[in-house]
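Visitor: Please show me the chain, and then we can go through its surface and its rings.

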Amino acid sequence: MATLNPVQFIQQVRAEVSKVVWPTRREVLLTTVMVFIMAALTAVFFALVDVVIRFGLQNLLGMFG
């Protein structure tokens, strides 16, 4: 295992960080809005699935009870 001195390590870290492409404010805003929209759609979907399953089970159990 190669050992590096701390100065070389910091230089390499700075070199790698300089390669990072940071998102713009607009990109961050758009992806945040998309996440909230998808979370809301997922919540509505599972709420509807829950209602359908509850309705089906109530009818099924009502037939035998």
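Visitor: How much area does the chain expose?
Guide: This is a predicted model, in which local features need pLDDT of at least 70, side-chain atom pairs count only at pLDDT 80 or more, and totals for chains, interfaces and linings use all residues. Residues are numbered from 1 along each chain as its sequence is written, and side-chain values use heavy atoms, with hydrogens and water left out. Carbon and sulfur atoms supply 74% of the accessible area (Shrake-Rupley method, 1.4 Å probe). The chain exposes about 6,500 Å².

Visitor: What share of the 65 residues counts as buried?
Guide: Buried means under 20% relative accessible area, exposed over 50%, and partly exposed in between. By that rule, the share of buried residues in the chain is 0%.

Visitor: How is the pair of Phe45 and Phe46 classed?
Guide: Rings of Phe, Tyr and Trp (its six-membered ring) pair if their centres lie within 6.5 Å; planes under 30 degrees apart count as stacked, over 60 as edge-to-face and the rest as tilted. The structure holds 1 aromatic pair. The ring centres of Phe45 and Phe46 are 5.1 Å apart and their planes stand at 70 degrees, so the pair is edge-to-face.

Visitor: Is Phe46 buried or exposed?
Guide: Its neighbour in the pair, Phe45, has a relative accessible area of 49% and is partly exposed. For Phe46 the relative accessible area is 53%, so Phe46 is exposed.

Methods: Buried means under 20% relative accessible area, exposed over 50%, partly exposed in between (1.4 Å probe, protein chains only).
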